[in-house]
Amino acid sequence: MDIELSKVQSRSSRPLDQQTAHEAISGKDAHSKQQDTASSEAAQSSQPELDASAKGVVASTPASRRLARLQYATLCWTLFLAGWNDGTTGPLLPRIQSVYHVGFAVVSLIFVLNCLGFITAAAANVWLTDRLGFGKVRSLAQVAGYVLAAPAPPFPVFVLGYFMNGFGIGLQDAGANGYVASLKENASAKMGILHAIYGVGAFSAPLVATQFAQLSRWSFHFLVSLGIAISNTILLIAVFRFKDQDTCLTEIGQTPSVHEEETDNRSGNKYKQIFKLRALHLLAFFVLIYVGVEVTLGGWIVKYVIDLRGGGPSSGYIASGFFGGLTLGRVGLLWVNHKLGERRAVFLYAIIAIALELVIWLVPSLIGGGIAVSFVGVLLGPMYPIVMNQAGRVLPPWLLTGCIGWIAGFGQAGSAFLPFLTGAVASKAGIKSLQPLLVSMMGLMVGLWAVVPNSPRRTD
């Protein structure tokens, strides 16, 4: 009996031991699962931080967001001034010719000196930005240019003012575009709005310049420009405080990318790295032709309409219509850019713009030509912001600011080179040569855009 009883007890205790062991193992598994769940939740919670860090954006505060908006608004005012400057010359051009008693070729020297100023700014931009910071010398040269032009001095001094003006605008345009292209949040939309503000300035200037062109003190228009330039200088100093671009971006919650930090010690080779990029030169030449077409059309169309279409003193408002269309296109066609894709959109806009230029050329109608000019402005408007966005996609991120600066500065030389070329040709063949020149330049734009790469390429 005792033996049987002990066997029964041993059999009954064995399941209890197994059950206890099973519960212990289950407890360990449950604890392990809890730890895995906790670590998974921690990893998920830290993922946004890692994503933000990878994008170069740190946690923003209300103060940094306000500063970001203030910086952006200041850069928009800078582009307003650039647009104002480009929209000024067209309505004043006939008056400048009559006051100084110069022909097409000589009056076009203002574009030549302006061109030299832009090219000098494009070459000096990287060096000045690295050593003097963001915003130190960008606007003072433009202030000096307006001071020289305002009293209607002798013609050589007057065109020297255009050189100073071109140098100042070239630096400011390069800095503003480079800064906005470096932003991590909504850079495409901000670039479009930035250049829409340029269009507002270019639209507003002819409205004022047309009135001054009919006054005896016509050159006092440059006093208005001087006031805008001084306010721009004050804003740049107050907002950016002579700091470099990376410091300003850090203040709004955006840290420099890893590539920028790794190449800080190689800044001496920046020029060599930048100018080895094939895409850079293609984009720069595209912008050169584009800006040249834009300013040539806005500047010489007034003379064209007066001489060939019988326009009166109010013909300067046609230039306002063109730049107004430019502004509208940069904002109103954003959805088309998104729908078609920016690359295809440029081809479409350019082809339609060429067709409209043929209408202006071949149909002798003042009203019809004025309307067509406005629509050409609408179609040309989105192209510049699209080019800047394309640069951000195909150029190395650690060289982007310098590259954007070169593209913008070199491209702005087109606003001087092509108007001068137009004046030189017009001195021989007459102002009727304007439209054939514009059509051929638009065709060249299409060809250049076709060879611009659509994806980044490996750099050394």
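Is W218 buried or exposed, and what is its relative accessibility? At 3% relative accessibility, W218 counts as buried, and the ring to which W218 is paired is described below together with the other main features of this predicted model.

## Overall architecture

The protein contains 20 helices and zero strands. Of its 460 residues, 50% count as buried, while the accessible surface comes to about 20600 Å², of which 65% belongs to carbon and sulfur atoms. Among contacts between residues at least 6 apart in sequence, 85% join residues at least 24 apart.

## Aromatic pairs around F158

A search of the whole structure finds 18 aromatic pairs. One of them joins Y100 and F158 in a tilted arrangement, with 5.6 Å from centre to centre and 40° between the planes. Because Y100 lies in helix α2 (residues 62–100) and F158 in helix α6 (residues 155–181), this pair ties together parts that are 58 residues apart in sequence. Both Y100 and F158 are buried.

F158 also pairs with W218, here edge-to-face, at 6.0 Å centre to centre and with 65° between the planes. W218 is placed in the loop between α7 (187–212) and α8 (221–240), whereas F158 belongs to helix α6, so the pair ties together parts that are 60 residues apart in sequence. The relative accessibility of F158 is 0%, and F158 therefore counts as buried. In a wider view, ring pairs link Y100, Y146, F155, F158, Y162, W218 and F222 into a cluster.

## Salt bridges

Side chains of opposite charge can pair when their charged atoms come close. In this model the count comes to three salt bridges. One is formed by the side chains of R330 and E294, at 3.5 Å from N to O, and it links distant parts of the chain, with R330 in helix α13 (residues 316–332) and E294 in helix α12 (residues 278–308), 36 residues apart. Both partners are buried, R330 at 2% relative accessibility and E294 with a relative accessible area of 2%.

A salt bridge within a single helix joins K303 to D307, with the closest N and O atoms 3.7 Å apart; both residues lie in helix α12, four residues apart, which is about one turn of the helix. K303 is buried, with a relative accessible area of 17%, but D307 counts as partly exposed at 39% relative accessibility. In another salt bridge, the side chains of E342 and R393 meet at 2.7 Å, N to O. E342 lies in helix α15 and R393 in helix α17, so this pair ties together parts that are 51 residues apart in sequence. E342 is buried, with a relative accessible area of 18%, whereas R393 is partly exposed, with a relative accessible area of 41%.

## Helix α17 and the surroundings of H195

Helix α17 (residues 383–394) has 12 residues and reaches 16 Å from its first C-alpha to its last, close to the 16 Å expected at 1.5 Å a residue. Since 10 of its 12 residues are buried, α17 is largely enclosed by the rest of the structure. Among these buried residues are Y384 and P385.

Y384 and P385 are also among the contacts of H195, which, leaving aside its neighbours within four places in sequence, is in contact with L79, N177, R330, Y384 and P385. H195 has its place in helix α7 and counts as buried at 2% relative accessibility.

## Loop residues with positive phi

Two residues in loops deserve a separate note. H101, in the loop between α2 and α3 (104–107), has a phi near 55°, a positive value in a residue other than glycine; at 73% relative accessibility, H101 counts as exposed. A152, found in the loop between α5 (140–149) and α6, likewise has a positive phi of about 55° although it is not a glycine, and A152 is partly exposed, with a relative accessible area of 30%.

## A nonpolar surface patch

On the surface, L358, V359, W361, L362 and V363 form a nonpolar patch, with about 420 Å² of accessible area together. V359 lies in helix α15 (residues 342–362) and is partly exposed, with a relative accessible area of 35%.

Notes:
Residues numbered from 1 in each chain as written. Predicted model: local features only at pLDDT ≥ 70, side-chain atom pairs only at ≥ 80, totals over all residues. Heavy atoms only, no water. Patch = residues over 30% accessible without salt bridge, like charges linked within 9 Å, V, L, I, M, F, W, Y side chains within 5 Å. Areas by Shrake-Rupley, 256 points an atom, 1.4 Å probe, with all protein chains shown as cover. Salt bridge = Lys/Arg side-chain N within 4 Å of Asp/Glu carboxyl O. Buried < 20%, exposed > 50% of the residue type's maximum accessible area, 1.4 Å probe, protein only. Expected span 1.5 Å × (residues − 1). Contact = heavy atoms within 4.5 Å. Phe/Tyr/Trp six-rings, centres within 6.5 Å; stacked < 30°, edge-to-face > 60°.
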